[in-house]
Amino acid sequence: MLSLEQKIVREGTVLEGDVLKVGSFLNQQLDVDFLMEMGNEIARIYSGDNVTKLLTVESSGIAVAVAAGAIMHLPVVFAKKNKSSNISSDVYSANVHSYTHNKDYDIVVAKDYINADDKIVIIDDFLANGKALEGLIEIVGQAGATVIGCTCAIEKGFQGGGDRLRAQGIRVESLAVIDKMSPDSIEFRK
Ligand code: G4P
């Protein structure tokens with residue numbers, strides 16, 4: 001999505017540790033008009049796929065998923081992050097390891113909100129190592145539902161998570177894929 005690539009170049013800052021700061025439109029302040037543009041693009045990607053529900057994880061993924069949900073007229077379910085391992089039987093859950101934050105957490109979704117006949121698109125803000133997506137895919141599997149595809153706003157391609165999932169046959173269509181970045185330049189996958 002060219003307009004997203006241009007916005008990342010204009011407003012993003014590359015920090016130490018391969019972290020891209022995009023607080024001006026995605027992670028702190030939300031550029032709602034631009035979110036709706038991203039929502040439109042997600043709707044275009046999955047038009048004709050008979051998607052029934054969007055699934056994301058709190059917190060920053062929710063904004064992107066809501067924008068897509070508004071355009072696609074679909075409900076958005078968000079997994080909650082749970083520090084305790086006290087998981088009840090009425091939820092689907094998966095353990096996620098975050099390399100960025102070097103910690104593990106559980107994500108949980110109440111069983112009421114995903115059904116076996118759901119066709120789901122998973123949405124998030126960033127795709128780095130792919131562990132959050134893997135956890136969400138596991139939850140969809142526990143429900144017996146179908147993953148139609150996964151879309152993240154910004155994929156850090158050089159961290160390999162997206163390509164690992166693609167190699168497993170999962171449809172991953174990120175809106176912008178960064179192949180290389182430094183404080184001076186950002187290169188996008190063509
Ligand atoms: P993974 O799911 O792809 O394996 O990624 P990882 O655990 O490494 O990322 C953990 C958190 O860090 C996620 O947010 C992710 O969105 C965020 N993140 C990863 N790389 C970047 C980056 O370059 N820039 C920014 N701004 N965020 C990044 P989270 O902890 O779940 O937080 P939030 O969704 O509540 O904001």
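Here is a short chat about the ligand site and the overall fold of this predicted model.

Modeller: Residues are numbered from 1 along each chain as its sequence is written. In this predicted model, local features need pLDDT of at least 70 and side-chain atom pairs count only at pLDDT 80 or more, totals for chains, interfaces and linings use all residues, and side-chain values use heavy atoms, without hydrogens or water.

Biologist: What makes a residue count as near a molecule?

Modeller: One of its heavy atoms has to lie within 4 Å of the molecule. Around the ligand there are 20 residues, and Leu 20, Ser 59, Lys 81, Thr 100 and Gly 130 come nearest.

Biologist: Why is the pair between the ligand and Leu 20 called a polar contact?

Modeller: A polar contact is a pair of N or O atoms within 3.5 Å. A ligand nitrogen is 2.6 Å from a polar backbone atom of Leu 20, so the pair qualifies. Ligand oxygen atoms also lie 2.8 Å from a polar backbone atom of Ala 128 and 2.8 Å from a backbone N or O atom of Lys 131.

Biologist: Which classes make up the shell around the ligand?

Modeller: The shell has 7 nonpolar, 8 polar and 5 charged residues. Asp, Glu, Lys and Arg count as charged, and Gly is among the polar ones.

Biologist: Why is the protein chain called as compact as a globular protein of its length?

Modeller: The globule rule is 2.2 Å times the number of residues to the power 0.38, with the radius of gyration taken over C-alpha atoms. For 190 residues the rule gives 16 Å, and the chain's radius of gyration is 16 Å, so the description fits.

Conventions
Polar contact = N/O pair within 3.5 Å; in protein donor to acceptor, adjacent residues only side chain to side chain.
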